[in-house]
Amino acid sequence: MKIFRKRNFFALAIPVLLISAYPEITHVNKGESESIGSVRNGELKNGYLLPYKGSNFSYFSPLSYYLMDNGYTHSTLYKVVSEAYQESEKTCPGIDFKIMQSTDRNGGRLFFHRTHQNGYGIDFMIPTVNRRGEQIKAFDWIGMWHYLINFDEYGYNEIFGSVRLDFETISKHIIAVDDAARRNGLRIRKILIKTQLIDELYATTAGREIQRRRIFIPTRLPHIVNQVHDDHYHIDFEER
Ligand SMILES: [Zn+2]
């Protein structure tokens, strides 16, 4: 009886999963995307689907990617993201990066976010390191729950105190993203990261370059927005 029920469940769940994932499984990136409106109130036409996995990065959640259709982006930003990861293979060798959410297939409202609507906003997970500076992937498998884990103002995890945000890597990645954006006719409009972490970011070599380039990182954010940007940084782009 139990086996029968289990079979029934899978008989129903597998087609539902396949139907939900069908747009991603069959998607082909071609032509150019069109971004309408703003990151707060916008749409995305002919969005590009980010790769689920590349040589030094992957998307953080199959649920978000395949079932919620959140892995799309503007075609130009797609190029920026890809080129920045290629550059990061040289500047951050051995680091496995993770993309968190970008934009829904047709843009518009995205679960858990006020922005991300027109294909020009994306969340990048902050890699974590142990006391020896080696990357640890303790939280990489938790998918959407990642947004809920907390780090203190120095970047240490509030439960596992030996796990720290890797500010060296984030700052190098931001420089690679900024370089790629300039090459492709975009500019970084702003970067959201928990304001208490900005000092740690600027203390790195690449962080000083972020400051020199005057890349806008707001030092005041509404409380709830500030709270959630401790495990990832959000970047908004605009056309030059
Ligand atoms: Zn975001």
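Select Asn46 to begin: with 15 C-beta neighbours inside 10 Å, Asn46 counts as partly exposed. The model on screen is a predicted one. Asn46 sits in the loop that runs between E2 and strand E3 (48–49). Check its backbone: phi of Asn46 is near 50 degrees, a positive value in a residue other than glycine.

**The hairpin before Asn46**

Step back to residues 34–37 and 42–45. These are strands E1 and E2, which run antiparallel and are joined by 4 bridges. The link from E1 to E2 is a hairpin of 4 residues. Two of the pairs can be picked out by name. Ser35 has Leu44 of E2 as its bridge partner, and Ile36 is partnered by Glu43, also in E2.

Now colour E2 by burial. Which residues make up its covered face, and which the uncovered one? Gly42 and Leu44 form the covered face of E2, while Glu43 and Lys45 form the uncovered face. Put beside the bridges, this places Leu44, the partner of Ser35, on the covered face. Glu43, the partner of Ile36, is on the uncovered face.

**Helices H3 and H4**

Next select residues 75–91 and 167–183, which are helices H3 and H4. Their axes come within 8 Å and cross at roughly 135 degrees. H3 and H4 are therefore oblique to each other. The crossing of the two helices is right-handed. To display the contact, show Val80, Glu83, Ala84, Glu87, Ser88 and Thr91 on H3, together with Lys172, His173, Ala176, Val177, Asp179, Ala180 and Ala181 on H4. Sorted by class, the residues in this contact are 6 nonpolar, 3 polar and 4 charged.

**The loop between E6 and E7**

Move to the loop between strand E6 (97–99) and strand E7 (121–125), where Arg114 is found. Arg114 counts as partly exposed because it has 14 C-beta neighbours inside 10 Å. For a distance across the model, pick the C-alpha atoms of Arg114 and Gln211: they are 97 residues apart along the chain and separated by 27 Å.

His116 lies in the loop between E6 and E7 as well. Is His116 buried or exposed? His116 is buried, since 28 other C-beta atoms lie within 10 Å. Its phi is near 65 degrees, again a positive value in a residue other than glycine.

**Strand E7**

Continue into E7, where 5 of its 5 residues are buried. Show the side chains and look at each face in turn. On one side are Gly121, Asp123 and Met125, on the other Ile122 and Phe124, and all of them are buried, which leaves both faces of the strand covered.

Add residues 232–239, strand E12, to the selection. E7 and E12 pair in the antiparallel sense over 5 bridges. Within this pairing, Ile122 stands opposite Ile235 of E12.

**The sheet E9-E8-E10**

The next selection is an open sheet of 3 strands, in the order E9-E8-E10, with antiparallel pairing. Its edge strands are strand E9 (135–136) and strand E10 (164–165), each of which pairs on one side only. Strand E8, at residues 128–129, pairs with E9 in the antiparallel sense over 2 bridges. One pair to display is Thr128 with Ile136, its bridge partner in E9.

**Tyr156**

Finish in the loop between E9 and E10, at Tyr156. With 16 other C-beta atoms within 10 Å, Tyr156 is partly exposed. Which residues does Tyr156 contact, leaving aside its neighbours within four places in sequence? They are Phe151, Gly161 and Arg164. One last distance: the C-alpha atoms of Tyr156 and Asp166, 10 residues apart along the chain, are separated by 9.8 Å.

How values were computed:
Residues are numbered from 1 along each chain as its sequence is written. This is a predicted model: local features need pLDDT of at least 70, side-chain atom pairs count only at pLDDT 80 or more; totals for chains, interfaces and linings use all residues. Two strands pair if DSSP finds at least two bridges between them. A residue is buried if 20 or more other C-beta atoms lie within 10 Å of its own, exposed if 12 or fewer, and partly exposed in between; C-beta atoms are placed from the backbone. Axes are lines fitted to C-alpha atoms, for helices over the stretch in contact, and angles run from 0 to 180 degrees between N-to-C directions. Angles under 35 degrees count as roughly parallel, over 145 as roughly antiparallel, 65 to 115 as roughly perpendicular and the rest as oblique. A crossing is left-handed if the near helix is turned anticlockwise from the far one by less than a right angle, and right-handed if clockwise. Two residues are in contact if their C-beta atoms, placed from the backbone, lie within 7 Å. Ala, Val, Leu, Ile, Met, Phe, Trp, Tyr, Cys and Pro count as nonpolar, Asp, Glu, Lys and Arg as charged, and the others, Gly among them, as polar.
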